[in-house]
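Got a model open and not sure where to start? Let's walk through it together, one feature at a time.

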2 protein chains.
Amino acid sequence: MNAPQAVGKQGRKWDQVLEGARTVFMRDGFEGASVDDIVRAAGVSKATLYSYFPDKRLLFLEVAKVECQAQSDAAVAQVEGSDSIRGALTTAAKRMTRFFMSDVGLQVHRIIVGESQRFPEIGREFYESGPARVHEILRMFLKKSVEAGHLDIDDIDLAADQFPELCKAGLHLKLLLGLREPPTDEEIDRVIDGAVDLFLCKYERRR
Amino acid sequence: MNAPQAVGKQGRKWDQVLEGARTVFMRDGFEGASVDDIVRAAGVSKATLYSYFPDKRLLFLEVAKVECQAQSDAAVAQVEGSDSIRGALTTAAKRMTRFFMSDVGLQVHRIIVGESQRFPEIGREFYESGPARVHEILRMFLKKSVEAGHLDIDDIDLAADQFPELCKAGLHLKLLLGLREPPTDEEIDRVIDGAVDLFLCKYERRR
DNA sequence: CGAGATATAAACTGTCCAGTTCAGTTTTTT
DNA sequence: AAAAAACTGAACTGGACAGTTTATATCTCG
């Protein structure tokens with residue numbers, strides 16, 4: 001009567017704990033979430049939670065890591081399959097931007113930034129499993145395109161940093177601070193198209 | 001019968017309180033700073049602090065506001081007095097970027113982002129006295145330059161959002177998360193020059 | 001000087017919360 | 001079925017910390 005085993009199973013309530021933690025952390029932030037809230041949401045006893053995770057911080061770290069990895073995994077697949085440079089960049093931008101602007105993306109960002117002082121390894125984990133992967137994917141794509149003669153870029157690393165930044169233009173900070181409603185698709189497209197136009201105007205091989 | 005408003009110089013220790021609060025908040029963040037630490041740093045009694053500020057949150061709000069305003073005031077002056085467009089943008093970028101990357105700028109950003117959920121007005125105040133002013137200055141500068149025929153920009157608001165974003169490329173997030181040392185002047189120049197080049201490549205009137 | 005405003009130290013209140021403990025129950029394994 | 005492992009619930013500990021109170025002191029200005 002063995003159900004197919006979950007990978008890395010440390011106990012039967014592992015997933016329940018993570019899911020409850022995700023819910024509460026995303027709703028209330030790190031400080032705002034109490035462990036009692038989490039165990040309640042998870043439907044699990046406090047002792048069980050503490051048998052999996054030595055403390056609240058590491059529990060959060062796990063939640064954030066899982067969240068970021070899921071996202072940037074999904075991103076990798078999509079950039080590859082596109083014909084034109086412009087199309088590929090637009091596709092990448094869309095996915096990236098949608099995550100930046102999503103409730104979960106914003107909340108992870110808020111918490112990580114807020115806590116990175118007290119817990120430096122949280123910042124590191126987040127960076128590695130999110131922004132660093134985006135940078136890497138983009139860098140490789142640009143490099144290939146330069147070698148193929150489609151783009152003309154001097155400083156590829158800089159360009160790979162500029163593009164995601166352009167995708168945030170105006171919207172991201174305002175959302176982060178809770179100063180506006182989620183953008184409509186039109187607003188996102190305006191920013192993305194602007195980003196791609198600006199980017200390609202300089203880096204597209206003209207001759 | 002008005003209760004003494006939170007903000008209003010009403011005693012000789014006002015500045016001392018603010019200075020102590022600035023020190024401790026910048027060092028420890030909002031949650032990390034205890035009011036007892038602050039009064040100790042300020043050389044003031046707790047009762048005095050609470051006679052000026054009804055609570056910790058409003059004290060922090062005041063500190064952040066003062067900090068941002070000082071910065072963006074300084075910025076306004078400099079953009080005006082520059083001959084070329086490129087020169088003006090470079091100057092603006094330098095000042096902006098230096099603040100983004102400074103310890104104080106980063107710490108204000110961290111705290112505000114971290115707390116904006118729980119205290120929405122903190123986010124608003126910060127945005128108005130910092131990013132919004134930068135946007136406004138830049139927008140007016142671009143508008144004038146377009147009217148003078150030096151630039152050719154379709155969506156001025158978007159462009160005014162793109163430029164500051166470009167100035168962060170790569171460095172800002174890493175610093176925010178404590179993942180690297182403060183950048184050297186060369187590194188900052190690389191990012192700034194890259195930003196100005198990219199920006200002007202598209203928006204400079206070519207004909 | 002002297003009155004009112006301002007400041008002080010220190011103890012105190014009340015609350016919140018991370019993490020522990022343990023006696024007892026349920027589930028899994030053998 | 002019996003042993004082992006996982007889980008529960010609830011109470012408890014210890015510490016942190018925002019904000020209050022009080023009795024006392026010092027400054028400022030008419």
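## Reading the DNA contacts

A base nitrogen of DNA strand C sits 2.8 Å from an N or O atom in the side chain of Lys46(A).

Q: Before I go on, what kind of model is this?

A: This is a predicted model. Keep that in mind for every distance below.

Q: Okay, back to the DNA. Which residues come nearest to DNA strand C?

A: A good habit is to list the neighbours, then ask which part of the DNA they touch. There are 19 residues around DNA strand C, and Val35(A), Lys46(A), Lys13(B), Thr48(B) and Tyr52(B) come nearest. Notice that this list has residues from chain A and from chain B.

Q: Lys46(A) reaches a base nitrogen. How much of what the protein approaches on DNA strand C is sugar or phosphate, and how much is bases?

A: Taking the atoms of DNA strand C within 4 Å of the protein, 72% belong to sugar or phosphate and the rest to bases. For phosphate examples, look at Lys56(A), which has a polar backbone atom 3.0 Å from a phosphate oxygen of DNA strand C. On the other chain, a polar backbone atom of Ser45(B) is 3.0 Å from a phosphate oxygen of DNA strand C.

Q: Which helices supply at least two residues each to the surface near DNA strand C?

A: Here you go from single residues to the elements that carry them. Helix 3 of chain A and helix 3 of chain B each supply at least two. Sorted by class, the residues near DNA strand C are seven nonpolar, six polar and six charged.

Q: And which residues come nearest to DNA strand D?

A: Run the same steps again. DNA strand D has 18 residues around it, with Arg12(A), Lys13(A), Thr48(A), Tyr52(A) and Lys46(B) nearest. Of the atoms of DNA strand D that come within 4 Å of the protein, sugar and phosphate account for 68%.

Q: What lies 2.8 Å from a phosphate oxygen of DNA strand D?

A: One case is a polar side-chain atom of Lys13(A), at 2.8 Å. Tyr52(A) also places a polar side-chain atom 2.8 Å from a phosphate oxygen of this strand. From chain B, Val35(B) takes part through its backbone: one of its backbone N or O atoms lies 2.9 Å from a phosphate oxygen of DNA strand D.

Q: Which helices supply the surface near DNA strand D?

A: Helix 3 (46-52) of chain A and helix 3 (46-52) of chain B each give at least two residues to the surface near DNA strand D. By class, that surface has seven nonpolar, five polar and six charged residues.

## Reading the protein chains

Q: Now the protein itself. How many helices and strands does chain A have?

A: Start by counting elements. Chain A has eleven helices and zero strands. Its C-alpha atoms fill a box of roughly 65 × 45 × 30 Å along the principal axes.

Q: How many residues of chain A and chain B are in contact?

A: For an interface, look at residues, then area. Here 41 residues of chain B are in contact with 41 residues of chain A. The two chains bury about 3700 Å² between them, 69% of it on carbon and sulfur atoms.

Q: How many salt bridges are there between chain B and chain A?

A: Side chains of opposite charge can pair when their charged atoms come close. Between chain B and chain A the count is two salt bridges. Asp155(A) pairs with Arg190(B), with the closest N and O atoms 2.6 Å apart. Helix 11 of chain B gives the largest share of the side that touches chain A, ten residues. The residues on that side of chain B divide into 18 nonpolar, ten polar and 13 charged.

Q: How can chain B be laid on chain A?

A: Look for the turn and the shift that superpose the copies. A turn of 180 degrees, with a shift of 0.0 Å along the axis, lays chain B on chain A with an RMSD of 0.1 Å. That is the relation of a two-fold axis. In chain B, the C-alpha nearest the axis belongs to Gly114(B), 2.1 Å away from it.

Q: Why do the copies meet through the same surface?

A: Compare the two sides residue by residue. The copies meet through the same surface because 100% of the interface residues of chain B are also interface residues in chain A.

How values were computed. Residues numbered from 1 in each chain as written. Chains lettered and ligands numbered in written order. Predicted model: local features only at pLDDT ≥ 70, side-chain atom pairs only at ≥ 80, totals over all residues. Heavy atoms only, no water. Contact = heavy atoms within 4.5 Å. Buried area = accessible area lost by both parts, 1.4 Å probe. Salt bridge = Lys/Arg side-chain N within 4 Å of Asp/Glu carboxyl O. Helix = DSSP H or I, 4+ residues; strand = E, 2+ residues; numbered from the N terminus. Nonpolar A, V, L, I, M, F, W, Y, C, P; charged D, E, K, R; others polar. Least-squares fit on C-alpha atoms with pLDDT ≥ 70 in both. Near = heavy atom within 4 Å. Polar contact = N/O pair within 3.5 Å; in protein donor to acceptor, adjacent residues only side chain to side chain.
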